[in-house]
Every structure is written in C-alpha cells, then in structure tokens.
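Trainee: I should like to request a close look at a single part of this model. Please take one helix and follow its surroundings outward.

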Amino acid sequence: MKKTLVLKVDSQKPQMEKICVAADFIKKGGLVAFPTETVYGLGADALNSEAVRALFEAKKRPLDNPPIVHVGDVKDVYRLAREVSLKAEKLMKTFWPGPLTLIFKRSEIVPDVTVAGLDTIAVRMPRHNVALALIRESGCCISAPSANLAGKPSPTMAKHVLDDLDGRIDAVLDAGPTNIGVESTVLDMTVDPPQILRPGGTPYELLKRMIARVELHPVAVADRELSVEKARSPGMKHRHYAPDADVIVVEGELSSVVVKVKELAEFYVGKGTKVGVLATDETVGYYRADVVKSLGSRKDLRVIAKNLFRFLREFDLEGVDVIIAEGIPTEGLGLAVMNRLRKASGYKIVKASSC
Ligand code: TXA
Ligand code: MG
C-alpha cells in the first residue's frame, strides 16, 4: 500500500506549488485524483501505457472500459483524433471547457490500453481551474475515469475518493465538493447524426439547440435493460453507480409515486429491513422510514444532480439495506439523474399508477 498524499487547494486559484507536486506524479507515471466540474477524476498520463494500466488496476476497472482523456488545449484534440468534423469544432467552441465528452476516431499516437483497444477515443476539456492547472503543468493529456472503485457511485468530494482509493493512488487534490455532481455527457461524433451514449452535465436539449440533429442511444435513457450487443459504449455493459444497498426506483405521476413509495417503505420496514427513502423537498414530509433524505426541490434539478452521488454513499454509511428512490422528470439534468438512478437500481423500476 502506498501513502496517498492529500493536497488541499483553492478551487479558483489553486496554489501552484501543490499543483507542481501533483503534476510531477503524473509526469513520472503516477496516479493523481483531481476535481473537475462534474465529479473527481483519477488521472494518469494518457500516452504512457504503464501509467494507464496502473489506473485500471487502482480502480479495479475492467480493461475493456476506456476512460476519458482530458485536455487543456483544443490543439491536443488534433493530436489524439484522426478526424475532427466542423460540427465537433462548433461543439468544442460552444461547450468547452465544460461537461461534454466527444468521441472521435483515434490517432496512432494513442496507446491501445488508453482506449481499451477501440478505434475511437473519448476527449473532453474540464471546466475547473484545478483540473486545467494540473493538465497544463504536467504537459500531458490526462486519462481520467471517475475516481471511485469500479461500480461505486462517482465521488463528488475528496473524502469519497479516499474512502475508495486511499493507499492505492499517489495523491488527491482536494478543492471541496464538485459543482455539477453527475458526469459529463458522452456524445459520439463518429456517427451521423451524433449520438448521446451517456446523458450528463450538458443537457440533450442544449445540444439539440446547437446542432439540430442529435440522437439519444436507448441505453442512455436506461429505462430498461438492453442486451450487451446493443451497447455501443463499453461502459454501458457494466454495473454502475451502485451503493451496497439495493435500490428501487419508483416512477410515474407524482401523487401516485408518493403512494407507491409509502407502500414499499411500509412493506420493507414490516419485514425488518433497514429502509432509506430518497425523496424531494415537495414530498419528504410524507414518508416514514429509517432514513429519509431530500435531494432538493423538484424545481431545481441542479441541486438534485449535485446531491445524488453523495446521498447514495451516505445511505451506505448509515447501513441501509434498501433505498426507495422517487423518479424525477427526465428533462435537462433530470435525464442524467434518472440514468444514474435506474442503473444503480439494476433496472428495478416500479411504475406507479393511480388505478
Ligand atoms: O465527467 C466525467 O466524464 C468524469 C470526469 C472525471 O471527467 N469522467 C468519467 O469517466 O465519468 P468514466 O471513465 O468514469 O466514464 C467514461 C465513459 C464510460 O461510460 C466509457 O465507456 C465511455 O465514457 N467511453 C470512453 N471511451 C469511449 C469510446 N471510445 N467510445 C464509447 N464510449 C467511451
Ligand atoms: Mg465512472
């Protein structure tokens, strides 16, 4: 086990002496966790195969699921990608730095392990001064999956990173909680029209406004389990975002959802199970269970997205056996939230109806 160095930094104006320590680890092939605007990432030099292999190992991540490569300058995209369309250029101009990952055909400088042997590469420029300072100071393109053990909810605080990876990585740059709380939107630019493989911090509606034709892959909606052959992105095949507790998602019209959640909570409490309910400000007062939490108001999906992964982890710390979660509308950031919740539940989705 190695000692994991915790480097506290200012999120707006990161102290360069600490960034340099972290950048040195990256340059030498080490592993550093760092904040982005979405979630914390676990970084390694993307063009160093040994470093990327160590990254997979630290996370216990299956080798067939490539991480996203983070760049600090758009110029780097032209080194990593073989083709960059005008549409992609327009998206980069509009949304970068920001929570949008673009899939391109990859160039020959990219090691196989970095893209898990695929012919394509996922690239994004994060909107966070600490992430950008680390990338620029190290002079590397940085492969960074979310900094959690594979399958666990993504970390939105340095504490979550340490809970999963303390002793397995060289350092973590701690700049407090992340802003968005769900990962970036993954958009495949190698097909026409471009296709969303994972909904995230850049909403579908915004992308549509920018480049009229954008499709949502059925697995991105995640309202049912689809066969592995339909999985276009390797990450689609793996269990994701799952706390130790079982998760059940209840969807439908709000008043019916409340009735169903109450019924399920009563049923599990009656069985002697420790029950958590994931509610919203508008409904939290209706429920009785061992632990009841509100993600925030239904009127502000940004707060709901920001709290989601933290709450899933907190339920585990509180020893809850089953989490009953209310569905929320799949608009804006709501689509990303529901994708994570549905996957966390292993598609245990209950449709509530009034009849
Ligand atoms: O917000 C984020 O995207 C965070 C922060 C750290 O940047 N990163 C993140 O990375 O969520 P990760 O590795 O946990 O998720 C990357 C997703 C996976 O679902 C993976 O399968 C998909 O992107 N992906 C990576 N390369 C791909 C490719 N060439 N083709 C299709 N999907 C790809
Ligand atoms: Mg991840």
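Mentor: The account below begins with one helix and proceeds to the domains and the salt bridges around it.

The model is a predicted one. The helix chosen is α6, which spans residues 158-165. Its buried residues are Ala-158, His-160, Val-161, Asp-164 and Leu-165. These residues lie on the same side of α6, because they cover an arc of only 155 degrees around the axis. In general, an α-helix has 3.6 residues a turn, so residues three or four places apart point the same way.

The packing partners of this buried set come from several parts of the chain. Among the strands, β2 (32-35), β3 (40-45) and β8 (171-174) are in contact with the buried residues of α6. Helices α2 (49-59) and α10 (301-317) pack against them as well. Just after α6, Gly-167 adopts a positive phi of about 85 degrees.

One of the buried residues, Asp-164, also takes part in a salt bridge. Its partner is Arg-313, and the closest N and O atoms of the two are 3.0 Å apart. Since Asp-164 belongs to helix α6 and Arg-313 to helix α10, the pair ties together parts that are 149 residues apart in sequence. Asp-164 and Arg-313 are both buried.

A second salt bridge involves the loop that follows α6. Here the side chains of Lys-2 and Asp-170 meet at 3.4 Å, N to O. Lys-2 lies in the segment before β1 (5-8) and Asp-170 in the loop between α6 and β8, so this pair ties together parts 168 residues apart in sequence. The two partners may be set side by side: Lys-2 counts as partly exposed at 38% relative accessibility, whereas Asp-170 is buried at 12%. A search of the whole structure gives 23 salt bridges.

The helix may next be placed in its domain context. The domain assignment divides the chain into domain 1 (5-221) and domain 2 (246-352). Taken over C-alpha atoms, the centres of the two domains are separated by 28 Å. Domain 1 brings 29 residues to the contact and domain 2 brings 17 residues. About 1800 Å² is buried between the domains, and carbon and sulfur atoms give 57% of this area. On the side of domain 1, Pro-153, Val-182 and Pro-199 supply 27% of the area buried against domain 2, more than any other three residues.

Polar pairs also cross this interface. There are 8 residue pairs in polar contact between domain 1 and domain 2, with both residues at pLDDT 80 or more. On the side of domain 1 that touches domain 2, α6 and α8 (218-221) each supply at least two residues. Helix α6 gives the most to that side, with 4 residues. The count of salt bridges between the domains is 2. Elsewhere in the list of ion pairs, Glu-183 forms a salt bridge with Arg-340, with 2.8 Å between the closest N and O atoms.

A further pair offers a comparison within one helix. Glu-263 and Lys-260 meet through their side chains in a salt bridge of 3.2 Å, N to O. Being 3 residues apart in helix α9 (residues 254-270), they are separated by about one helical turn. Glu-263 is partly exposed, with a relative accessible area of 44%, and Lys-260 is likewise partly exposed, at 24%. Finally, Lys-293, Arg-310, Glu-314 and Glu-318 are joined into one network by salt bridges that share partners.

Technical notes: Residues are numbered from 1 along each chain as its sequence is written. Chains are lettered from A and ligands numbered from 1 in the order in which they are written. This is a predicted model: local features need pLDDT of at least 70, side-chain atom pairs count only at pLDDT 80 or more; totals for chains, interfaces and linings use all residues. Side-chain values use heavy atoms; hydrogens and water are left out. Buried means under 20% relative accessible area, exposed over 50%, partly exposed in between (1.4 Å probe, protein chains only). The arc is that of the directions from the helix axis to the C-beta atoms. Contact means heavy atoms within 4.5 Å. Domain bounds come from an automatic or database domain assignment. Buried area is the accessible area (1.4 Å probe) that two parts lose on being put together, summed over both. A salt bridge is a side-chain nitrogen of Lys or Arg within 4 Å of a carboxyl oxygen of Asp or Glu. A polar contact is a pair of N or O atoms within 3.5 Å; within protein, one must be able to donate a hydrogen and the other to accept it, and residues adjacent in sequence count only if both atoms are side-chain atoms.
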